Amino acid sequence: MKNKIYTTFITLSISLALAISLIPGTSAAFASESGERIQGASASSTEYRTIELSWDAVELSTEAEPGTRTENEPGTEAELGAVTVEEPGAGVGSGSENVPGTEDTAEPESEDGAEAEPEAASEVVYSIYRATSKSGKYKVVATTTDNYYADVKLTAGKKYFYKIGAQAGDTVYPKSKAVSATVLKQKKAVQTLITKGEAFFDYRTEAGEKLYKYDTLQGACANDGFGYFSLYNRTVEKCKIVKVNMNTLEVVKVSGPLKVYHANNLSFNTKKNLIAATCCKVKKNRVVFVDPETLTVVSHKDIKLTSKVKGLPSKIRKRNQGFTAIAYNEDRDCYVGRLRDGNNAIIFDGELNPIKYVKLSGKKTYLLAQGIESTGDYIYDVRSFKGRHKYSMVTIHTMSGKLVGQLKFAYGKGAGNELQCIFHDGDTYYAGFYITTSQYHDNKAHHVQRDNKIYYLDAAGLGR
């Protein structure tokens, strides 16, 4: 009896499924592959964190409405010549429209009197399937009605595999053959030197002041058309900040000697309208705030890391050596600071209270830590080659520390060609270089040439 009930249940379930599949609007869930395989699928990566996919669009034909004849069907005028065939019961002369008992079989007309168009075929919906190996498990990551798609926020240097499927009404198209691409990991920086006249823009000369010993560019930031550049005096561990109108390339103001110490990084807090300077060496845990109008120090904050910082290893907390750079992220109203120990990051709130520890994957530990920048979803970690500076590098990370890509600055093979910072004003990005013929000697005694050059930086290279 029990087996009989079970058999009856299966029979009813199958019958119910068949019945549902015949109901209009429910066939998609039970549709079988009946179309042709998707063709022309391709994948490529030409920018950070992104793989671009494209494929041939499915061509849908519009079928004639039921009950209508085409010109080549038997019984049409085209086949019977000029002979007019009258339907049974049709009247003579004016046709059947006036014969009692006959129905008007003419096509329905639209409101404006034109004949109604045949109903368009169903729209094609494409599904993008992704896997991390060719024979791996493919999962749907997106659907679209276009025949192209950009898959973003992927792991730099990693290879991904894709198949494209589609469905139009009851017709399901078999997936395309697998295509693959490796996410772009490194790109050469596109930079344009900022010049005034025939020479590079030398804001130390333009200042018209004696900035002889204040000769080394450290940090820089910008806001509302003005750039701010810290120049370091290695003999007194102080800096001066030079304010520049970036539209006219005129020096607006030069500060006095400020106790911002090494000032390895400057960042503009647009919410508080203050410049935040990271001290780096002398005051390793201190951030100094400078008024952008008066260029004077208005306050400072010494940062203490506690066990409340999410994910922070106790050994790093206990032997904290301070920060090499801290940057304000306007989009998130937070700060990102790079630790001296391990070169990973701490995320702060807008008041510089440490929140969580972030490990920056794929960072170049053999490169010298310079500035840091953060906008939107990204952290830009600026580094230059130790010793004889063959090149500089910006490693790009998400706010969770995932490596997005690398931007390489190939800038000569001489000593002292250091990328010190990248910074932005809205959508305009800049790169600041410190260039010297000697890292150690005073230039008056040893005729050392030291220059500081600013470049426009193509933001597309930053994964934006």
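A salt bridge is here a side-chain nitrogen of Lys or Arg within 4 Å of a carboxyl oxygen of Asp or Glu, and with that in mind the tour can open at R338, D381 and R383, which are linked in a network of salt bridges. The model is predicted, and every stop below should be read as a feature of that prediction.

**The whole chain**

Before selecting single residues, show the protein as a cartoon, in which 5 helices and 31 strands can be followed. Of the 464 residues of the protein, 43% count as buried. If you switch on the surface, its accessible area comes to about 25,200 Å², and 49% of that belongs to carbon and sulfur atoms. Among contacts between residues at least 6 apart in sequence, 52% join residues at least 24 apart.

**First stop: the network at R338**

Select R338, D381 and R383 together, since these residues form the salt-bridge network named at the start. Within this group, look at the side chains of D381 and R338, which meet in a salt bridge with a distance of 2.7 Å from N to O. D381 lies in strand 26 (residues 378-385) and R338 in strand 22, so the pair ties together parts that are 43 residues apart in sequence. Are these two partners buried or exposed? D381 counts as buried because its relative accessibility is 0%, and R338 is likewise buried, with a relative accessible area of 0%.

**Second stop: two further salt bridges**

By the rule used for these pairs, the count comes to 10 salt bridges. Side chains of opposite charge can pair when their charged atoms come close.

Select R319 and D341 next, which form a salt bridge whose closest N and O atoms are 3.0 Å apart. The pair links distant parts of the chain, with R319 in the loop between helix 4 (314-318) and strand 21 (323-329), and D341 in the loop between strand 22 (334-339) and strand 23 (345-348), 22 residues apart. R319 counts as partly exposed at 45% relative accessibility, whereas D341 counts as buried at 13%.

Then move to K196 and E206, another salt bridge, in which the closest N and O atoms are 3.4 Å apart. Here K196 sits in strand 11 (residues 195-196) and E206 in helix 3 (residues 203-206), so that this pair joins places 10 residues apart. K196 counts as partly exposed, with 32% relative accessibility, and E206 is partly exposed too, with a relative accessible area of 37%.

**Third stop: a charged patch on the surface**

With the surface displayed, select R234, K281, K284 and R340, which gather in a patch of positive charge. One of these residues, K281, can be found in the loop between strand 18 (274-278) and strand 19 (286-290). K281 is exposed, because its relative accessible area is 52% and the cut-off for exposed is over 50%.

**Fourth stop: two residues with positive phi**

Return to the loop between strand 22 and strand 23, where N343 is found. What is unusual about the backbone here can be put against a general background: most residues other than glycine have a negative phi. N343, although it is not a glycine, has a positive phi of about 60°, and at 14% relative accessibility N343 counts as buried.

Now follow the chain to L352, which is found in the loop between strand 23 and strand 24 (354-358). L352 also has a positive phi, of about 65°, although it is not a glycine. Its relative accessible area is 1%, and L352 is therefore buried.

**Last stop: two strand residues and their neighbours**

Select K139, which lies in strand 4 (residues 139-144) and counts as exposed at 53% relative accessibility. Which residues does K139 touch, not counting residues up to four places away in sequence? They are I128, Y129 and R130. K139 and I128 are 11 residues apart in sequence, and their C-alpha atoms are 8.1 Å apart in space.

Finish at Y148, found in strand 5 (residues 148-151). Not counting residues up to four places away in sequence, Y148 touches L53, S54 and W55. Add A43 to the selection as well: Y148 and A43 are 105 residues apart in sequence, and 9.8 Å apart in space from C-alpha to C-alpha.

Definitions and conventions
Residues are numbered from 1 along each chain as its sequence is written. This is a predicted model: local features need pLDDT of at least 70, side-chain atom pairs count only at pLDDT 80 or more; totals for chains, interfaces and linings use all residues. Side-chain values use heavy atoms; hydrogens and water are left out. Patches are made of residues with over 30% relative accessible area and no salt bridge: like charges are joined within 9 Å, nonpolar side chains (Val, Leu, Ile, Met, Phe, Trp, Tyr) within 5 Å. Accessible areas come from the Shrake-Rupley method with a 1.4 Å probe; for residues, only the protein chains shown count as cover. Lys and Arg count as positive and Asp and Glu as negative; His and the chain ends are not counted. The place of a charge is taken as NZ of Lys, CZ of Arg, CG of Asp or CD of Glu. Helices (H or I, at least four residues) and strands (E, at least two) are DSSP runs, numbered from the N terminus. Buried means under 20% relative accessible area, exposed over 50%, partly exposed in between (1.4 Å probe, protein chains only). Contact means heavy atoms within 4.5 Å.
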